[in-house]
Amino acid sequence: MLKRSTRVGELTPEEREFYTLVARAPRVNPFGEERIILDRKIAGVPESTAPSRAVEAAVKRVEVDAVRMEKEGRLDLRIYKGDDHKLVSGVITFIFFYRYRKEFDRLIKAQARAGEHQIRASFLKEAISGLETMGMEREEAIRTVEGCYQLRRAYHFIHHSLVGPSASMIALRYRLWNNVFTHDMNLYSRILWNRMEDFSTLILGETGTGKGSAAAAIGRSGYIPYDRKKGCFKESFTRSFLAINLSRFPESLIESELFGHRKGSFTGAIDDYQGVFSRCSPWGSIFLDEIGEVSIPVQIKLLQVLQERVFSPVGSHNEYRFKGRVIAATNKPVERLRTEGNFRDDFYYRLCSDVITVPPLRQRIEEDKKELVDLVQLLVVRMVGKRSDELTDMVLDVIDTNLPKGYPWPGNVRELEQCVRRVMLNRSYHGDEVQVAGRTSQIPEGFGDLSRGELSAHELITAYCHMLYQKYGKFEEVARRTSLDRRTVKKYVVEWQERLDGEEE
C-alpha cells in the first residue's frame, strides 16, 4: 500500500511515481511489448509473468489503492491542480475502464446481434454519475465514456478477428491499433479523436489473407458519440462500416454503386438510389475492396471525393459532403499497377496515409506452428457457434496426414476455412490440386534418367520413398502409400538423403 499524503490535494512522491505508470497504461498500444512491461510494473510482478495475468494483477492493485483513496476522500479531481490533477484523472479513467469493461463487452456483443438498431446502454447513466462524483465535469465524463467504448471495441475486433501468435500477426495487430488511435494516444485524445476521416488506408495482401477482417476491425472501431438523451450511442458500429467489392460490378454501374443515381439518369434507373458514399454515416468508414480493379476514370472520381470531400449522384448537380473514412484494399502489387499505368500516382498518394500489409498464411505458419491451431479453433467457433476441441483436433489431424509438409496454402485463410468445412463433411482434404500437382518432386540430376532406364529397381523405390516423404513428412504415411513397413521406408529415405548430401558436397 502506498504511503498516505499528509496534505489534502497533494500526492506523495511514491503515489506520483505509481500513478504516472497507471495513467500511462490506457494510452499505450495493448498489442505491443511496452504495455506488457508497463502492466508488470504496475502489478509489481516478475518479468516472467504471463501478459494476461499481469493485466489482472495490475487492475487488482489499482482497485485496492482506489478504495484506499476513496476512504480518505482523496479520489476527487476537484482537490487537485496541475500535474497531480492530470495523474489522478488518468487513474480514474483506468479504474472506470476496467470496472465497466465487461459491461462494454456485453454491449458490443448485443449491438452485433441487433445490427443497425442502436442498443441502450443502461449502465452508462450510473457510470457517468460516478465519474462526476469523482470530480469530472459532465462533458469530460461523457468524453471518457465515448473513449472507453471505442477502446474496448478496437481491442475486441482486432484481438478476436485477427488471431495468431506469429511475429507478423503481432505486428499487424499493433499496426491496426495505431491506425485507429495513432502512435500517440495523448495526441489522439486531445486533437484527433473526431478528425480521422482524412486518414485513408490502403491494405495490401494476397487473396484470402483477411484484408476484409483488417478493414472491418478499423471501420468498426471509430469514434461514435454518446446520445445522453436516448441513453445510447448515436450509431451502431455495424452500420458505421460499409463494404463494397468493386470487382463485382461492370464499369457502367460502379459510379452508381459508389455515389448513387437519380431516377431517369440512365436506362434502368427507375428510382433514386443511394450509393455507399450517401449511406455512410459521419462516423463511418467505407471499405473499397479490389481497388486495383477499377478504371482510371473511376479513380479520378474517387480522387476528387478524397480531395474535396464532396460528391454528386449520377444525373444530379447537387453536391453532398462525405464525412466518413476510406479504407481500400487490393491483392495486386501496387508498384506494378503504378508502373504499368493502371493505378494513378495521385490516387495512390491520397489513399496511402497508412499502408498495411496482411501476411500470407504460409508465412504465419512458418513463423509459429501454433498459428494453424489458433486459426482452426477460431474457424470452428465461427461455424458451430462454440469451441469444440473434438472438431479442431479432427481438422488438424486431417491436415497433418493428408497435406504435404510445408504446404503453401495458396488460398490463405479463405482456403483454410473451406478446408475446415470439407473435413467436417468428408473427413478429408488434399489441398489445392493444381498447386500440389505443380510441386511434384523430381529425381535430381546425376542420379540417372528414369526415361532412359538408368535407375535400378532399388534406386527407383529409394527415390520414390524420399519423394513421398518430402511431400507428406511422415514415415507412416509413406509406408501406407507404398505398402512397405515403416522401418524399411525410413532406411530408403535416409539412404537417398545421404546420396543427396554427398552430391552437394
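Here is a chat between a trainee and a mentor about a predicted protein model.

Trainee: What should I know about how this thing was put together?

Mentor: It's a predicted model, where local features need pLDDT of at least 70, side-chain atom pairs count only at pLDDT 80 or more, and totals for chains, interfaces and linings use all residues. Residues are numbered from 1 along each chain as its sequence is written, and side-chain values use heavy atoms, with hydrogens and water left out.

Trainee: OK, how many helices and strands are in the protein?

Mentor: You'll find 23 helices and nine strands. Helices here are DSSP runs of H or I with at least four residues, strands are E runs of at least two, and the numbering goes from the N terminus.

Trainee: And what does the C-alpha trace span?

Mentor: About 95 × 70 × 40 Å along the principal axes. Of the 505 residues, 48% count as buried, meaning under 20% relative accessible area with a 1.4 Å probe and protein chains only (exposed is over 50%, partly exposed in between).

Trainee: Switching to α13, which residues does that helix cover, and how far does it reach?

Mentor: Helix α13 takes in residues 296–308, 13 of them, and reaches 18 Å from its first C-alpha to its last. That's close to the 18 Å expected at 1.5 Å a residue, where the expected span is 1.5 Å times one less than the number of residues.

Trainee: Which of its residues are buried?

Mentor: V298, Q299, L302, L303, V305 and L306. Seen down the axis of α13, they fall within an arc of 160°, so they line one face of the helix. The arc is that of the directions from the helix axis to the C-beta atoms.

Trainee: Why would residues a few places apart point the same way?

Mentor: An α-helix has 3.6 residues a turn, so residues three or four places apart end up pointing the same way.

Trainee: What covers the buried residues of α13?

Mentor: The cover includes α11 (251–259), β5 (285–289), β8 (325–330) and α15 (345–351). Then, just after α13, R309 takes a positive phi of about 65°.

Trainee: New topic: is E146 buried or exposed?

Mentor: E146 is buried, at a relative accessible area of 6%. E146 sits in helix α7, residues 138–161.

Trainee: What does E146 touch?

Mentor: Leaving out residues up to four places away in sequence, E146 touches Y223, I224, P225, Y226 and F233. A contact means heavy atoms within 4.5 Å.

Trainee: Last one: where is G90?

Mentor: In helix α4, residues 82–99. G90 counts as buried at 11% relative accessibility. G90 and T20 are 70 residues apart in sequence and 8.3 Å apart in space, C-alpha to C-alpha.
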